[in-house]
Amino acid sequence: MIFLKRHASRMLGILLLSCSALCLSGCLTHWFVEAESRLQVENATKDCSIVAVEVVSLDGSTSKSWIDETLLPGERSRVEEGDWVGEFHLRIKYTNSTDASGEVLEDLQTFELDGGSLYLVIRGNAESLEYKFK
Amino acid sequence: MKLRYFLKTLGCSLLLAVPALADAVSVDALATGGATMRDNQLREIRDVLRGGRGGYLDIGFNYMPLVTQTPLKSEYGEHDGFAFRHHAAGFGAGEVTKNNHVGFLAWIERSGWDGEDFFLFPHYSSFSAVRSVMTWGFSYTQSAMDLTLAAGMQHQNVEHVGEIYPDENDSLLYSWAHLRWGHTSVQGSFHRTDWRSLRISMDLESREVYGGRKSGPLTYLPNFEVALYNGGEDGDDSVRVSWEQNLLAQRLYGEVSFDFPSREFHSAALKFYPDASRMIGFEATCLRRNVRSGAADLLWGGAVDLLFLRIAYNSSYEYEHLYHAKGTFIAEFKFSLATIDGFLFGRGAPRSAPMETMKLEKKNKDIKKDNNQFRLDQSTGSATKTLEATGVRYEKSQSAGGEK
């Protein structure tokens with residue numbers, strides 16, 4: 001007890017310091033940093049069908065499906081959540097037809113995903129797709 | 001004034017350099033993080049048990065404000081997130097009978113990588129790795145013989161590992177034992193009947209805090225450490241030999257370590273402590289990263305340690321203990337202090353902090369002065385300093401009147 005009394009002010013100082021340190025880290029950053037991406041894709045092309053959107057490993061050997069839905073021209077996908085925040089290769093599988101028939105083509109793109117709600121609009125034609133986040 | 005400008009410059013350069021230059025932490029380093037944590041805790045216990053008595057307290061956590069400072073490099077790309085390390089440690093020993101000290105120690109660390117920064121509850125994403133290691137044990141010290149015996153258990157628990165990491169047992173139990181006699185100590189770590197590591201230390205340097213010399217040639221004796229690691233069923237056993245050397249008045253130290261059987265340089269450091277109690281330290285380090293690419297293989301860095309705060313850039317300690325984090329300023333809020341017979345010092349320090357004794361002297365002087373002022377029987381005492389107690393005076397005068 002004597003020890004506690006004698007060092008009360010010093011201990012209070014340490015306590016305050018650790019409290020302020022607590023405030024600096026942790027939950028505070030969650031106000032402006034998201035650890036998940038919620039992706040919705042809109043097919044804004046006129047003559048292409050989007051078959052799937054996948055995340056591909058850097059060496060191309062493995063992939064993980066993200067949007068597993070066929071989008072005809074003008075359609076929008078459901079919102080899919082994924083732990084993808086950072087820089088990744090996305091593979092967009094599509095066909096050069098309005099009814100998802102025919103040969104499946106692929107386009108590989110590198111995206112910088114910041115997390116949170118992402119609305120990806122795909123425009124262009126079968127030769128070159130254009131991507132824009134809204 | 002100079003220090004203030006230095007700190008300001010440091011702060012500004014930190015803010016400017018943080019987002020631009022940061023390299024990712026690796027999956028491999030995270031996968032082997034458990035072994036690194038266990039080894040680090042045993043090494044710290046070796047340092048603290050050099051005296052075998054007294055106490056030790058340590059608490060700390062890394063702080064990185066930006067998600068881009070320690071991203072994770074996986075096969076899919078670079079994930080934004082935080083490498084984290086929270087640690088706490090405590091040791092306390094008491095004298096049970098004359099010269100016999102019994103103590104208890106506990107080291108706790110929780111570290112890994114997560115998509116969010118947190119204190120208690122991680123996000124646990126598909127790419128997180130959250131692991132904790134606890135080392136505890138009892139110690140017995142015979143201070144007349146300068147002998148310490150300690151033993152205990154080590155728990156390694158995996159809270160969460162994403163699918164990109166190799167499979168790992170979620171709960172591992174190790175045992176450890178430590179024997180010190182004078183300047184020599186032997187430490188072993190075991191899993192069931194199998195040895196995991198063995199550390200032989202010869203801390204020949206004379207340290208005042210443990211009853212050695214304050215200065216002189218004996219303080220310039222070297223400290224050697226030989227650590228053997230079990231390579232497991234497929235790997236070869238390896239040995240790391242380290243040499244710590246006092247270069248100037250126990251304020252400037254040089255450290256160098258080599259790996260065997262590869263006979264390769266591992267790391268070197270130059271450490272400067274303004275006071276030998278090691279509460280503040282400056283270090284420059286060089287580490288071989290084993291990436292085999294010529295000059296880039298060597299990582300040059302440094303750190304400033306200010307008792308409550310440590311700021312490091314490419315320092316070998318952070319590279320090895322924070323999953324190969326480099327290319328960014330890493331801050332650590334921390335507090336760590338060892339004590340023996342009421343004297344305070346940093347872990348591994350040869351001398352205690354000087355301010356403690358000065359304080360006591362000043363206090364004693366004040367008490368003496370006070371005693372002189374209030375001595376009542378002194379005839380020379382001034383009138384203003386007499387004690388007044390009106391009630392007592394009244395009673396006295398009444399009884400005196402009765403006698404007359």
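**Salt bridges and nonpolar cores in the predicted model**

Both Glu54(A) and Arg91(A) are buried, and in this predicted model their side chains meet in a salt bridge with an N to O distance of 3.0 Å. Because Glu54(A) belongs to strand 2 (residues 49–56) of chain A and Arg91(A) to strand 5 of chain A, the pair ties together parts that are 37 residues apart in sequence. Chain A, in which this pair is found, comprises two helices and eight strands, arranged along the sequence in the pattern α-α-β-β-β-β-β-β-β-β. Of its 134 residues, 39% are buried, and of the contacts in chain A between residues at least 6 apart in sequence, 60% join residues at least 24 apart. The area exposed by chain A is about 7,900 Å², of which carbon and sulfur atoms supply 54%.

Strand 5 (residues 86–95) of chain A also gives the most to the largest nonpolar core, contributing four residues. This core holds 41 residues, among which Val41(A), Trp84(A), Ile92(A), Ile122(A), Val25(B), Leu30(B) and Leu72(B) touch the most other members. When residues up to four places away in sequence are not counted, the contacts of Val25(B) include Leu30(B), Leu72(B), Trp113(B), Leu322(B) and Tyr323(B). A second, separate core of 16 residues includes Val48(B), Leu49(B), Trp176(B) and Ala338(B).

Helix 3 (residues 33–48) of chain B has 16 residues, which at 1.5 Å a residue should span 22 Å, and the 23 Å separating its end C-alpha atoms agrees with this expectation. The helix is mostly covered, with 13 of its 16 residues buried. Arg43(B) is partly exposed, with a relative accessible area of 23%, and forms a salt bridge with Glu225(B), in which the closest N and O atoms are 3.7 Å apart. As Arg43(B) lies in helix 3 of chain B and Glu225(B) in strand 12 (residues 223–229) of chain B, the pair ties together parts that are 182 residues apart in sequence. Glu225(B) itself is buried, with a relative accessible area of 8%.

A further salt bridge joins the side chains of Arg53(B) and Asp341(B), at 2.9 Å from N to O. Arg53(B) lies in the loop between helix 3 and strand 2 of chain B and Asp341(B) in the loop between strand 19 and strand 20 of chain B, so that this pair ties together parts 288 residues apart in sequence. Arg53(B) is partly exposed, at a relative accessible area of 21%, whereas Asp341(B) is exposed, at 56%. Salt bridges that share partners join several residues into one network, including Asp39(B), Arg43(B), Arg199(B), Glu225(B) and Arg347(B). Over all chains, the structure holds 31 salt bridges.

Note on methods. Residues are numbered from 1 along each chain as its sequence is written. Chains are lettered from A and ligands numbered from 1 in the order in which they are written. This is a predicted model: local features need pLDDT of at least 70, side-chain atom pairs count only at pLDDT 80 or more; totals for chains, interfaces and linings use all residues. Side-chain values use heavy atoms; hydrogens and water are left out. A nonpolar core is a set of buried Ala, Val, Leu, Ile, Met, Phe, Trp, Tyr and Cys residues joined through side-chain atoms within 4.5 Å. Buried means under 20% relative accessible area, exposed over 50%, partly exposed in between (1.4 Å probe, protein chains only). Contact means heavy atoms within 4.5 Å. The expected span of a helix is 1.5 Å times one less than its number of residues. Accessible areas come from the Shrake-Rupley method with a 1.4 Å probe; for residues, only the protein chains shown count as cover. A salt bridge is a side-chain nitrogen of Lys or Arg within 4 Å of a carboxyl oxygen of Asp or Glu.
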